[in-house]
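Here are my notes from a pass through this one. Have it open beside you as you read.

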Amino acid sequence: MGWTFNPSKINLSKLSIPLSRLPVEFDGYRIAQLSDFHLGTWLEGQDIIHIVEIVNQLEPDLVAITGDFVNSDPERYAPILIQALSKLKAKDCSVAVLGNHDHYTNSILIREVLQKSNIVELRNRIHPIQRNSAYLYLAGIDDHLTRNDDLPSVIDQIPDENSSVILLAHEPDFADISSKSGKFDMQISGHTHGGQICLPILGNLYLPRLGRKYPSGKYQVDDMVLYTNRGLGTSWLKLRYNCPPEISVFTLRSPYNQNH
């Protein structure tokens with residue numbers, strides 16, 4: 001797959017993720033993760049509409065977007081992003097954090113896009129999801145590479161040590177910092193595009209800073225699960241080889257449910 005984007009070639013990566021602190025009320029909870037549209041290089045507005053249609057067919061409980069909405073010209077792409085993203089249909093809500101390219105271009109405008117699309121921006125804060133009397137917490141840091149993150153503030157908002165918390169962080173290598181806190185069951189990230197070109201022996205060829213240690217897929221970092229999504233678009237290199245675009249779907253599992 002090279003110079004053209006074909007939504008039918010998107011990989012759906014479906015994973016069952018046990019989380020040690022997840023309340024039984026959230027056993028089976030499904031999260032769809034999108035990342036790295038990078039509008040302005042490979043993907044165009046119509047492609048985002050197709051991607052939203054795919055996600056809606058999955059009927060997720062939550063949609064999580066881990067940054068880099070645009071690569072350039074955000075003023076041009078803001079209207080189509082709002083048109084597409086406002087049609088996301090998650091049972092609870094959609095949440096997002098910004099990536100480094102959102103800050104390089106126009107973070108104020110991207111934040112307006114999220115607001116007008118009814119997407120909750122996790123800008124160094126947490127967002128609770130409730131099932132009966134139980135809670136799952138979605139946390140997010142603003143972009144670490146551009147030094148807009150404030151992890152201590154996020155940690156201060158977590159109710160107690162038994163809280164089940166999933167962290168959205170654009171750069172996956174941030175896991176080496178977040179895992180040390182012991183506060184997060186899982187971190188989901190993007191940023192790397194999986195290297196875009198993946199060759200035998202040579203591996204992932206095109207990895208950005210803070211995306212070289214955990215380039216793609218699932219990892220265990222201390223007591224925390226990390227998942228790095230390969231993203232949907234590309235950065236300046238308009239090419240993918242042996243590294244297809246990805247939507248990841250996580251089914252969360254609670255240790256308190258003995259029926260699976």
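The points below go from strands to helix to cores, and then to the other sheet.

1. First, the caveat: this is a predicted model, so everything here should be read as computed from that prediction.

2. I'd start with strand S2 (residues 30–34), which is mostly covered, with 4 of its 5 residues buried. On one hand S2 pairs with strand S14 (residues 246–253) in the antiparallel sense, over 4 bridges; there Gln33 sits opposite Ser248. S2 is also joined by 4 bridges to S3, and that pair runs parallel. Leu34 has Ile65 of S3 as its bridge partner.

3. How do S2 and S3 connect? Together with H1 they form a β-α-β unit, and it is right-handed.

4. Next, helix H2 (residues 74–85). Which of its residues are buried? They are Pro74, Tyr77, Ala78, Ile80, Leu81, Ala84 and Leu85. As general background, residues three or four places apart on an α-helix point the same way, since there are 3.6 residues a turn. The cover over the buried part of H2 includes helix H1 (45–58), strand S3 (62–66), helix H3 (100–105), helix H4 (107–116) and strand S5 (119–121).

5. The largest nonpolar core has 34 residues, and the members touching the most others are Leu34, Phe37, Ile48, Ile65, Phe69, Leu85 and Ile247. At least two residues of this core come from each of S2, H1, S3, H2, H4 and S14. A separate core of 25 residues includes Ile31, Ala64, Val120 and Phe250.

6. Phe37 deserves a look of its own. Leaving aside residues up to four places away in sequence, what does Phe37 touch? The list is Leu43, Ile48, Ile65, Gly67, Asp68, Phe69, Leu81, Leu85, Leu232 and Gly233. Of these contacts, Leu81 and Leu85 are among the buried residues of H2, and Ile65 is the bridge partner of Leu34.

7. Now to an open sheet of 6 strands, in the order S6-S7-S8-S9-S13-S12 with mixed pairing. Strand S6 (125–131) and strand S12 (217–221) are the edges, each pairing on one side only. On average, neighbouring strands in this sheet are turned by 20° against each other, ignoring direction.

8. One pairing to check inside that sheet: strand S7 (residues 134–140) and strand S8 (residues 165–168) run parallel and are joined by 4 bridges. Gly140 has Leu168 in S8 as its bridge partner.

Methods. Residues numbered from 1 in each chain as written. Predicted model: local features only at pLDDT ≥ 70, side-chain atom pairs only at ≥ 80, totals over all residues. Heavy atoms only, no water. Buried < 20%, exposed > 50% of the residue type's maximum accessible area, 1.4 Å probe, protein only. Contact = heavy atoms within 4.5 Å. Pairing = 2+ DSSP bridges. Axes fitted to C-alpha atoms, helices over the stretch in contact; angles between N-to-C directions. Right-handed = clockwise from strand over helix to strand, strands pointing away. Core = buried A, V, L, I, M, F, W, Y, C linked by side-chain atoms within 4.5 Å.
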